[in-house]
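Open your viewer, load the model and keep the sequence panel in sight. We will go from stop to stop, with a selection to make at each one.

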Amino acid sequence: MRSLPTLTLAAAAALAAPAHAHKAHVHGVMNLNLAIDGPVLVVELVTPQDSVVGHERRPRPGAETTAAAAALALLSEAPRWLQPDAAAGCSAGPVTIVPGKLEGPAPAGEKDSGHADVEARVEWRCQAPAALKGVDVLLFDAFRRAERIDVQVAGGSGPAKQTLRRGQRRVALAR
Ligand SMILES: [Zn+2]
């Protein structure tokens, strides 16, 4: 019966989770979900806040606040962290960001301890989707603490699961 608590936890997590599934929160590991649907490429990044700014609390006034704003500004410009093949003629819509603890006042009772995730979601629309063979991921350039990116691809003809390590950029969407 050892599997029972696991099942119960998974069921509870599924109920609590938003529409998309969250992976485990591991510092240094980012999760990138790519979904291709005709001309649309949906990109969703879920990362520990630690991998973005090196802590998981509200930024302190001064350098930490500046760094937090810079990180969110970078994420809000999709081409600064991910670039579809130029031949596909893709353009990014607005980026929706869940800022973790990087923005806004702390709700009453929030503690400095505990974990926080930052999320970014954007839809790219491509004029020539057949030419979309892959994307270049620039997250290692942007965030020095990122060590690994676990990539899930839905709707492509390339591998559904890919892993990028520091120094790698390319995610194949087609064979
Ligand atoms: Zn954490």
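What follows is a short tour of a predicted model.

**Stop 1: the whole chain**

Begin with a cartoon view of the protein chain, which has 4 helices and 10 strands. Follow the cartoon along the sequence and you will pass through the pattern α-β-β-α-α-β-β-β-β-β-α-β-β-β. The chain has 175 residues, and 38% of them count as buried. Now think about contacts between residues at least 6 apart in sequence: 65% of these join residues at least 24 apart.

**Stop 2: the zinc ion**

Next, select the zinc ion and show the side chains around it. Which protein atoms are its donors? They are NE2 of His25, NE2 of His27, two OE atoms of Glu56 and ND1 of His115, at 1.9 to 2.7 Å from the zinc ion. In the sequence panel, these donors have the spacing H-x1-H-x28-E-x58-H. Pick out His27 and His115: His27 is in the loop between α1 (3-16) and β1 (29-37), while His115 is in the loop between β5 (96-98) and β6 (117-126), so this pair ties together parts of the chain that are 88 residues apart in sequence.

Switch on a surface and compare the two. Is His115 buried or exposed? His115 is exposed, because its relative accessible area of 58% is over the 50% cut-off. His27, at 36%, counts as partly exposed.

Stay with His115 and show what surrounds this residue. Beyond the residues up to four places away in sequence, His115 touches His25, His27, Glu56 and Lys101. Three of these names, His25, His27 and Glu56, are also on the list of zinc donors. For Lys101, draw a distance between C-alpha atoms: His115 and Lys101 are 14 residues apart along the chain, and the separation is 9.4 Å.

**Stop 3: a strand residue, Val98**

Move along to Val98, which sits in strand β5. Val98 counts as partly exposed, with 41% relative accessibility. Setting aside residues up to four places away in sequence, the contacts of Val98 are Asp117, Val118 and Glu119. Add Ala120 to the selection too: its C-alpha atom is 6.3 Å from that of Val98, although the two residues are 22 apart along the chain.

**Stop 4: the nonpolar core**

Now hide the surface and look inside. The largest nonpolar core has 37 residues, and Leu32, Leu34 and Trp81 have the most contacts within it. Colour the elements that give two or more residues to this core: β1, β2 (40-48), α3 (63-75), β6, β7 (134-137), α4 (139-142) and β8 (148-154).

Select Leu34 and expand to its contacts. With residues up to four places away left out, Leu34 touches eleven positions you can click through in turn: Leu41, Val42, Val43, Leu82, Val135, Val151, Gln152, Val153, Ala154, Val171 and Leu173.

Then go to Ile149 in strand β8. Ile149 is buried, with a relative accessible area of 0%. Apart from neighbours within four places in sequence, Ile149 is in contact with Met30, Leu32, Val137, Leu139, Phe140, Gln162, Thr163 and Leu164. One of these, Leu139, is 10 residues away in sequence and 8.6 Å away from C-alpha to C-alpha.

**Stop 5: the largest pocket**

For the last stop, bring the surface back and select Val52, Val53, Gly54, Ala67, Ala70, Ala71, Leu74, Ala142, Phe143, Arg144 and Arg145, which line the largest pocket. Its volume is about 180 Å³. Which element gives the largest share of the lining? That is α3, with 4 residues. Both α2 (49-53) and α3 supply at least two lining residues each. Colour the lining by class and you will find 8 nonpolar, 1 polar and 2 charged residues.

Note on methods: Residues are numbered from 1 along each chain as its sequence is written. This is a predicted model: local features need pLDDT of at least 70, side-chain atom pairs count only at pLDDT 80 or more; totals for chains, interfaces and linings use all residues. Side-chain values use heavy atoms; hydrogens and water are left out. Donors are N, O and S atoms within 2.8 Å of the metal (3.2 Å for Na, K and Ca); water is not among the atoms, so sites may look incomplete. Buried means under 20% relative accessible area, exposed over 50%, partly exposed in between (1.4 Å probe, protein chains only). A nonpolar core is a set of buried Ala, Val, Leu, Ile, Met, Phe, Trp, Tyr and Cys residues joined through side-chain atoms within 4.5 Å. Contact means heavy atoms within 4.5 Å. On a 1 Å grid over the protein atoms alone, a cavity is a set of points where a 1.4 Å probe fits but cannot get out, and a pocket is an open set with protein on both sides within 12 Å along at least five of seven lines; lining residues have an atom within 4 Å of a point. Grid points are joined across faces, edges and corners, and a volume is the space filled by probe spheres set on the points. Ala, Val, Leu, Ile, Met, Phe, Trp, Tyr, Cys and Pro count as nonpolar, Asp, Glu, Lys and Arg as charged, and the others, Gly among them, as polar.
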